[in-house]
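Visitor: I should be grateful for a close look at one part of this structure, with its surroundings described afterwards.

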Amino acid sequence: MDFKKELEEYKNKINAELEKHLIKENCYEKKLNKSIEYSLMAGGKRIRPILVIATYRLFKEDYEKCYPYAVAAEMVHNFSLIHDDLPGIDNDDFRHGKPTNHKAFNEATAILAGDFLLNNAYAVISRDIKKINTQEIGNKIRVFNEFSNAINKLIIGEYVDTEDEGKDISQEELKYIHENKTGELLKLCVRMGAILAGASELDVENLTKYAKNIGLAFQIKDDILSEEGDEKVLGKPVGNDKKRKKCTYVSQYGLEKSKETLQDITGKAITCVKQYNNSEFLVELAKYIANRDR
């Protein structure tokens, strides 16, 4: 398997699906529509929707059926990024090498663009549920419920993170923040893919362990990059977490210990999926998360 090629193919498929949900008309909302497109099509890694599709494909090949859920996950992710960058939260000026949404437009437009993406994620899933047959409805309603709960946890994680800025917090509280702020959406995407494909409860729970490990790995790697990443590659300033006195894995455990933990939990994630015959992509994705440079 050529991982980079397959990753690019996934990204292209997801970008094509996201394009279908952009609003190109209506002169009264033109600026808002441009703000939404500016963030949604900014060229992110698309890891969350890729996880939905790749997990689904462990069990079934008709992966087009989970496109609405992959799209919805990416909409929620971009909602969280727009709001995360706002002056009242992380106050960041750049993302993906471009001005953040509130800098490119204005704060009010950025807030409303994020709100629209969040609500539209529900609309995308609701439209899919409306057209399904009775055999699929149980799993899709279960996914809708997990989707709603995960977004609540994401918002709670962001809230606790902002409240704890500059404070000396416990390791348990740091774990709680990152499990919710970063890990919850990644976990949701894996669970959605498995549930939509009709996986057994044993498989859903096993893949949840994979998701929890890559979620923690993703956050630890973010913290490491914030400490020693290349600003030109990252597309945003390095050292912002330290300036704001945010509690991170690096500030709590140190750089070397964080790197050791990253490799350890990446190995645990890989162990969780190796038992599946067609798991090579998910194995390589776990390595990609741990070794990325942005």
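Which element supplies the largest share of the lining of the second largest pocket?

Guide: The model is a predicted one. In it, helix 8 supplies the largest share of the lining of the second largest pocket, namely seven residues. Helix 8 spans residues 171-196, and together with helix 9 it makes up the elements that give two or more residues to this lining. The pocket holds about 260 Å³ of space. Its lining consists of K153, K175, H178, E179, N180, G183, E184, K187, K212, N213, G215 and L216. By class, these residues divide into six charged, five polar and one nonpolar.

Helix 8 and helix 9 also take part in the largest pocket, where each supplies at least two residues of the lining. The volume in this case is about 940 Å³. The lining comprises 46 residues, and L81, D84, R95, D222 and K236 are the closest to the centre. Other elements that supply at least two residues each include helix 3 (47-56), helix 4, strand 1 and helix 7. Helix 10 (231-234) and helix 11 (240-243) are likewise among the elements that do so. The class division of this lining is 20 charged, 13 polar and 13 nonpolar residues.

R95 merits separate attention. This residue is one of those closest to the centre of the largest pocket, and it forms a salt bridge with D85 in which the closest N and O atoms are 2.8 Å apart. The pair links distant parts of the chain: D85 belongs to the loop between helix 4 (67-84) and strand 1 (94-95), R95 belongs to strand 1, and the two are 10 residues apart. With a relative accessible area of 3%, D85 is buried; R95, with 16%, is buried as well. In addition, R95 is among the residues closest to the centre of the largest cavity, together with S39, A42, H96 and N101.

That cavity is one of two of 30 Å³ or more found in the whole structure. The largest cavity contains about 120 Å³ of space and is lined by 13 residues. Helix 2 (30-40), helix 4 and strand 2 (98-99) each supply at least two of them, and helix 4 gives the most, with three residues. Five of the lining residues are nonpolar, five are polar and three are charged.

Helix 2 leads on to the second largest cavity, where it provides the largest share of the lining, four residues. Helix 6 also supplies at least two residues there. About 70 Å³ of space lies in this second cavity. Its lining is formed by H21, L22, I23, N33, I36, E37, L40, M75, F116, L117 and N120, of which seven are nonpolar, three polar and one charged.

Helix 6 is also involved in an aromatic contact. The whole structure has nine aromatic pairs. In one of them, Y63 and Y67 meet edge-to-face, with 6.1 Å from centre to centre and 65° between the planes; both Y63 and Y67 are buried. Another edge-to-face pair is formed by Y122 and F144, at 5.7 Å centre to centre and with 70° between the planes. Since Y122 lies in helix 6 (residues 107-130) and F144 in helix 7 (residues 134-163), this pair ties together parts that are 22 residues apart in sequence. Y122 counts as partly exposed at 21% relative accessibility, and F144 also counts as partly exposed, at 26%. Elsewhere, F3, Y10, F281 and Y288 are linked into a cluster by ring pairs.

Aromatic rings also meet charged side chains. The charged end of K98 sits over the ring of Y38, 4.1 Å from the ring centre. R292 lies over the face of F218, and here the distance to the ring centre is 4.0 Å.

The salt bridges of the structure number 23. Among them are the pair of R57 and E61, whose closest N and O atoms are 3.2 Å apart, and the pair of D62 and K65, at 3.4 Å. R57 is partly exposed at 21% relative accessibility. D62 is partly exposed at 29%, and K65 is partly exposed at 41%. Finally, salt bridges with shared partners join D90, E158, D161, E165, K181 and K246 into one network.

Notes: Residues numbered from 1 in each chain as written. Predicted model: local features only at pLDDT ≥ 70, side-chain atom pairs only at ≥ 80, totals over all residues. Heavy atoms only, no water. Phe/Tyr/Trp six-rings, centres within 6.5 Å; stacked < 30°, edge-to-face > 60°. Buried < 20%, exposed > 50% of the residue type's maximum accessible area, 1.4 Å probe, protein only. Lys NZ or Arg CZ within 6 Å of the ring centre and 35° of its normal. Salt bridge = Lys/Arg side-chain N within 4 Å of Asp/Glu carboxyl O. 1 Å grid on protein atoms, 1.4 Å probe; cavity = no way out; pocket = protein on both sides within 12 Å on 5 of 7 lines; lining within 4 Å. Points joined across faces, edges and corners; volume = space filled by probe spheres on them. Nonpolar A, V, L, I, M, F, W, Y, C, P; charged D, E, K, R; others polar.
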